[in-house]
Amino acid sequence: ERVLELAQKHKEGGLLHDEAAEFIEKAGLFANTMELTKLASREFSRGLGNYRMIMKGDPTLMEGLQTGKAMGDVNSLANTILSMTSAGKGKTNLKGLKAATEMMKNPKFLEELIRFRSAMMLSGPSTIEAAGLSNMSKLWTEPFIEWVGHIGRGSAKKKARVRAMAQYAGNRRFFFDSWKQAGKAWKNGQHITDPFVTKVENQTDKSLANMSWLRRNVWERGVHGAHLALLFLDEGIKSNRARSLIYADTFSEAVESGIPPKGPEFEALLQKNLDAKIDRNGMLRDEEILREIRETTYTSDLEGDVGELINKLANFGGGYGRLFVVPFIRAPINIVSESLMYIPGTKIFSAKQKDIMTKGSPIAKAKLKARKQLGTAAVLGIYYAAEEDLITGSGPADYKLRADWKAMGYEPNSIRVG
């Protein structure tokens, strides 16, 4: 804005030497720091290219401006700047560029830009497939991890194992109803079970029913189709997992009370518990189950100092961190955080594991213990298999050594059977 103002002033009546120095300095700064030459025309790039030396400090500049020897350069630069104020072939509209820059300060425009960038990053079929496979596998493996965490003697552990196995029955019972609810969520563009976790982080989900036909079907279901696909997956898994856990708790309660796990009495108890923990709109109201389903879908809030720092960086300047780095941070960080749960010794620096050990439920603590056990068993198993030549790596990098290695019967990255 200041560069344009000074260029206009020069053409109208001339600049004082201090203003001319400011004009050239700011034009050079504009060219260097904003990389405008990549956006502008060839003419503008050549024009400003001559002034890059200003940023390195020209010892004769001030003298030239005072004596008038450099005013020809100022005049040439002013003409170049002013030629950019009207769009034309091979030229950039500087006023339009300024308007676009001002638009970036608009929170709604920034939100849409972040949404668009996020949709483009997530739109690949492999991304949707990976999300679907990981979430679906967790739906069916979480009960097993809970069961492993309660291996041992005692009535409490036995009861916990019964609860874990009952989750499989809950998964099957509510599977189709849950995905029917996921279809409803997709149709309206809003989460139901956990509405506080939205399609795009830090943004509110808007109902598609309140949008025009064009925006609903072209912009939201077309351009932002990836967001709706992930919403569908998230809602289906959360709905199924939440009802499965309520079913398992009801099953344990029925066994303890002597109620047969089949029949009208059990069904009445199950419906009572479902109504108590899920409202009539389908939103979950139980905090512990909410924590569990968010962990299943990698949508938990980030914890600890590292999580706080990442959130601050992402939300810097009202969201510019998400625009220039990555628009979504929860899922990648939560995947890393859960992976660490399988590695012994990592609870020393993992905020999530510390939180589970200090404030988590007995089930959460048992599942963390089970993950450590499974991780240790996997590492020992892989080490044993490698020592016994049951699995191989990439082999020697050297061509001759690699040929000798393969001649001994080894194959790169293979598993030996038999």
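What share of the 418 residues of the protein counts as buried? In this predicted model, the figure comes to 39%. The fold is built from helices, 19 of them, with zero strands. Looking at contacts between residues at least 6 apart in sequence, 65% turn out to join residues at least 24 apart. The accessible surface adds up to about 23900 Å², and carbon and sulfur atoms account for 60% of that.

Now for the charged side chains. Side chains of opposite charge can pair when their charged atoms come close. A search of the whole structure turns up 25 salt bridges. One of them joins R173 and E267, with 2.6 Å from N to O. This pair ties together distant parts of the chain: R173 sits in helix α9 (residues 155-188) and E267 in helix α12 (residues 264-277), 94 residues apart. R173 counts as partly exposed because its relative accessibility is 38%, and E267, at 33%, is partly exposed too.

Helix α13 brings in another set of partners. Its residue E292 forms a salt bridge with R241, and the closest N and O atoms are 2.9 Å apart. Here again distant parts of the chain are linked, since R241 belongs to helix α11 (residues 225-257) and lies 51 residues from E292 in helix α13 (residues 287-296). Both E292 and R241 are buried.

E295 and R291 also meet in a salt bridge, at 2.9 Å from N to O, but these two share helix α13, four residues apart, or about one turn of the helix. E295 is buried at 14% relative accessibility, whereas R291 is partly exposed at 24%. A network of salt bridges links R241, R291, E292 and E295 with further residues, including K138 and E338.

Technical notes:
Residues numbered from 1 in each chain as written. Predicted model: local features only at pLDDT ≥ 70, side-chain atom pairs only at ≥ 80, totals over all residues. Heavy atoms only, no water. Buried < 20%, exposed > 50% of the residue type's maximum accessible area, 1.4 Å probe, protein only. Contact = heavy atoms within 4.5 Å. Areas by Shrake-Rupley, 256 points an atom, 1.4 Å probe, with all protein chains shown as cover. Salt bridge = Lys/Arg side-chain N within 4 Å of Asp/Glu carboxyl O.
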